[in-house]
Every structure is written in C-alpha cells, then in structure tokens.
Amino acid sequence: MDGTAALRELGTIASGAPTTEPSVDWATDSDDAEVRQLLRENPMSGNIQLSLEREPRAAIAARVEGHPHRSVVWRAGGRVVGVGTRAVMDVFVDGQPQRVGYLSQLRIHRDFRGRLRPILAGYRLLLSARSRDEEAYDLTSILEDNLAARRLLEAQLPGLPRYRPLGRFSTLVLSTHRYSRRRRSNGVPVVTAEDEHLHEIAQCLDRNNRRFQFARQSDREGLLSSEHSPGLAATDFRMAVRAGRVVGCLALWDQTAFKQTVVRGYSRGLAFWRPAINGVARVLCTPRLPAPDEALPHAFLSHVAVDGDDPDVFLALVDAALLTARQRRHLYVVAGFAETHPLRVTATAFGHREVWSRLYAVHWPGEEGALAELARLVPHPEVARL
Ligand SMILES: CC(C)(COP(=O)(O)OP(=O)(O)OC[C@H]1O[C@@H](n2cnc3c(N)ncnc32)[C@H](O)[C@@H]1OP(=O)(O)O)[C@@H](O)C(=O)NCCC(=O)NCCS
C-alpha cells in the first residue's frame, strides 16, 4: 500500500489531517513490527534528529530496560499510530533499593499530532500500570533541544502529569579515532575481568551506586544474565585494582544487535556546517557527525563505579575501554552522566561530543511529597539501560 492509499484508509480528508481520533490500548506482541516502524520513522526533533531503534525485536531491549515493561499504543484505522513505554527499574533512591518506572519511546505518527485528548488518555493508561511497591513518580528524560516535546510536556496541562526537572544529563560520545595505544597510563592498574571477579565487581557497583539516585542495583547473576544483559560477557568488564581490591569498574557493552541509534537528519544550520565540523573532528580526534540514516557504530560505557570518584582510576578505566573499543571496531563509545556527577568532567578529557537531555520526575498533582528528598543526591541512571 503506498502512502496516499494508507492515508485514505486512515480517514484522511483531501486537504488536511486524518479525521479518525486514535484510540489507546495496551500493546501486544503482534504490534511489534509497527512499533519498530514508528521508532524508525519518527525521530526526536532537535539539531540532530535521532531515532532510537529496537531491531530486530523490541522485546530484547525491553528486558534490558526493566520489568515489568509495558507499552501503550494509539491505533487509528487498524494501524498503530503512536507508542509510549514504561519500564520498572530496580534502583537506589536515598541509598535504599526501590522500584521506579522509566517513561520512554513516546512517538506519535506525524499525521496524528496536534491532538491532546488521545495523549491524555495514553498517559492515564500508561501510569495506571504503577503498582504499590513502586515509587509514586516515574523518571524520564527529554533531549534538551527537543522543543516540540518540551513545549507539551513541561506545560503542566490539565490532565497531563507534572514534569518536575531533576537537572541536566549529558550523553557523552567519545571517539576511538587513532586510539591505538593506551594514552593515560597514570599508574592505576586496569585488568580485564574473568568470571571469578564478577562477585567483587557487583560489590563495587553496589557500594558506589547507593551514593546516587536511580543508579541500578546489581548482583553477580544479573550482570551477565542472558535475559537482562544480552551481549555482555565477563571479558567486557574492566576493573581497576589497588592493594588487591577492586576500586573501580566499567563495562564496554555492545548493544547494536538489538538497539540502534540512527541520525535521521540535521537542522539546516548543522547540515550546512557538517563537512567543516567533520574536517575539524578529524584533526581533534572528536566524533564526526555521521551521514543521515547512518547507525552509530558504538558501544556503551556501562556499569561505571569508582570508589571515592577518584579521577585517576576513572581515567585509567576509560583509557583501557577506548583501546578495546577501537580493537573491536566501535567508532564511538557512549557514556552518560548527570551534569553534577563528579566523573562527567573527567570523561570530557577524551575527544568527545556532548548531547544534553533533561531529567524529570513525572508525577500526578498531589504526589509532590514523594519528591522531597530526591535532590539530596546526584542522579546516575544507567545510560545503557534507558
Ligand atoms: C513529542 C510528540 C509525542 C508530541 O505530540 P504532538 O501531537 O506533536 O503534540 P503537540 O505539541 O501537537 O501537542 C498536542 C496538543 O496539546 C496542546 N498543547 C501542547 N503544548 C501546549 C502548551 N504549551 N500550551 C497549551 N496547549 C498545548 C495543543 O492543543 C496541541 O495541539 P496544537 O499544537 O495543534 O494546538 C510528537 O511530536 C512526536 O512523536 N515527536 C517525535 C518523537 C519525540 O520527540 N518524542 C518525544 C520524546 S521525549
């Protein structure tokens, strides 16, 4: 069916928007192909228009994000024309294990935008999934220059939940260009983990993640679970060792087999300057801006934990990870830190580009009490599981 025929079938009138009002319902397994198509074809707006894709099956990435993982879909004319997702994460809040929902993948087909009523219905349904053992708010993030989404979601419109800002979040794209040897040998020994080290790595993650809001809980089994951590092996972990003790760790996690980031376009200004920016990037060893429709060949820097946030330990770990990434032919390594996280500045010592988002606690009016203490600690959601 070509585009025109599809729109006719959806009830499009000759001169304008479709007449059918989308209805909202829980997604089922049979919606998978249409949901993935929506993710591909409806990038987030901004200077760099990014689509976060979930090929070949959205369910693989869903298990990485949280459990339960539920999506609502908007349907019109028998087709899926919108999606929104909520995954429940096992994290630390104020140093204690808690369950917190994470909202993501809100996408509405461009022919069905500009209608508030279905969006309100979608939020009501999606947030009704929150159970009693979960916090009374969810976490989410919006790209800072996605003004279309922020205009709607920050407006405190009646019937929509409140988006309480929790600060800025940086997605750092580090370049592995010319990384053919370790650069920062600052005396901190970094070694590749083996199965026998996983228990100690989980302990390092646990004691450090308690110091941050929304950092994930870890146990030895969960680290390499084929369900929750597909594609991750013990040998993807690097650990810094001092006096026989693991004092820092991270992992290089290639998720491109089930989760892709694709640049779908640029703002007019950035498209114009892209060749020049890429020329400079080559010299400075910073990441180049890929051609539209190109997937970023990257791996995540996940499971970052450093005792005392020691910059030397972190530099040595990232250095080792970049070298491995280069050997594995990842052009980029992606890390994520809140603006106030002590390790963010340390990570910028490497050739990088920084993409800013905003974090929010999403709650219904009257539930503000649950947020009172959140600002006490720095947020550290795991970028590889968002
Ligand atoms: C972000 C997205 C879901 C928003 O949906 P949308 O239908 O485009 O939302 P709109 O901005 O049109 O808002 C819907 C209606 O709400 C009302 N509204 C939105 N913002 C408002 C504000 N600040 N004040 C008053 N009313 C407002 C308006 O009635 C608006 O319709 P109108 O603009 O035709 O008058 C959609 O644009 C999309 O899928 N974008 C691509 C992917 C994306 O960026 N996802 C978000 C990731 S966080």
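How much area does the protein chain expose, and what share of that area do carbon and sulfur atoms supply? The exposed area is about 17100 Å², and carbon and sulfur atoms supply 52% of it. Before going further: this is a predicted model.

I will start with the whole chain. The protein chain has 386 residues, and 52% of them count as buried. For that number of residues, a compact globule would have a radius of gyration near 21 Å. The protein chain has 21 Å, so it agrees with the globule value. The C-alpha trace spans about 70 × 50 × 35 Å along its principal axes.

In secondary structure, the chain has 10 helices and 15 strands. On contacts, take the pairs of residues at least 6 apart in sequence: 78% of those contacts join residues at least 24 apart. As for charge, there are 51 positive and 45 negative side chains. The centres of these two sets lie 6 Å apart.

Next, helix α3 and what surrounds it. Helix α3 covers residues 58-65, and six of its eight residues are buried, which makes the helix mostly covered. The buried ones are A58, I60, A61, A62, V64 and E65. What do the buried residues of α3 pack against? Their partners are helix α2, at 32-41, and four strand segments: β3 at 69-76, β4 at 79-93, β5 at 96-108 and β10 at 245-253.

The loops on either side of this helix each hold a cis peptide bond. Before the helix, P56 sits in the loop between β2, residues 48-53, and α3. The bond from E55 to P56 is cis, with omega near 5 degrees. After the helix, P68 sits in the loop between α3 and β3. The bond joining H67 and P68 is also cis, and its omega is about -5 degrees.

Staying with strand β3, one residue there is A76. A76 has a relative accessible area of 3%, so it counts as buried. Which residue is 55 places from A76 along the chain, with its C-alpha 6.7 Å away? That residue is E21.

Now the cysteines. How many disulfides does the count give? The count comes to zero. C204 is in no disulfide, and the nearest cysteine sulfur to its own, that of C249, is 4.1 Å away. The cut-off for a disulfide is sulfur atoms within 2.5 Å, so a separation of 4.1 Å does not qualify. Seen from the other side, C249 is likewise in no disulfide, and its nearest cysteine sulfur is that of C204. C204 is buried, at 0% relative accessible area. C249 is buried as well, and its value is 0%.

On backbone geometry, I have two residues other than glycine with positive phi. H303 has phi near 50 degrees, and R329 has phi near 70 degrees. Where are they placed? H303 is in strand β13, residues 298-306. R329 is in the loop between α9, residues 311-327, and β14, residues 332-338. Are H303 and R329 buried or exposed? H303 is buried, because its relative accessible area is 5%. R329 counts as exposed, because its relative accessibility is 73%.

The last residue on my list is P287. P287 is in the loop between α8, at 268-284, and β12, at 294-295. Although P287 is in a loop, its relative accessibility is 2%, so P287 counts as buried. What is P287 in contact with, once neighbours within four places in sequence are left aside? The residues are V173, L174 and S175, then A281, then Y332, and finally G351, H352 and R353. P287 can also be set against V333: the two are 46 residues apart in sequence, and their C-alpha atoms are 9.7 Å apart.

To recap three points from the predicted model. Helix α3 is mostly covered, with a cis bond at E55 to P56 and another at H67 to P68. The sulfur atoms of C204 and C249 are 4.1 Å apart, with C204 in no disulfide. P287 is a buried residue placed in a loop. That is what I have for today.

How values were computed:
Residues are numbered from 1 along each chain as its sequence is written. This is a predicted model: local features need pLDDT of at least 70, side-chain atom pairs count only at pLDDT 80 or more; totals for chains, interfaces and linings use all residues. Side-chain values use heavy atoms; hydrogens and water are left out. The radius of gyration is taken over C-alpha atoms; the globule rule is 2.2 Å times the number of residues to the power 0.38. Buried means under 20% relative accessible area, exposed over 50%, partly exposed in between (1.4 Å probe, protein chains only). Contact means heavy atoms within 4.5 Å. Accessible areas come from the Shrake-Rupley method with a 1.4 Å probe; for residues, only the protein chains shown count as cover. Lys and Arg count as positive and Asp and Glu as negative; His and the chain ends are not counted. The place of a charge is taken as NZ of Lys, CZ of Arg, CG of Asp or CD of Glu.
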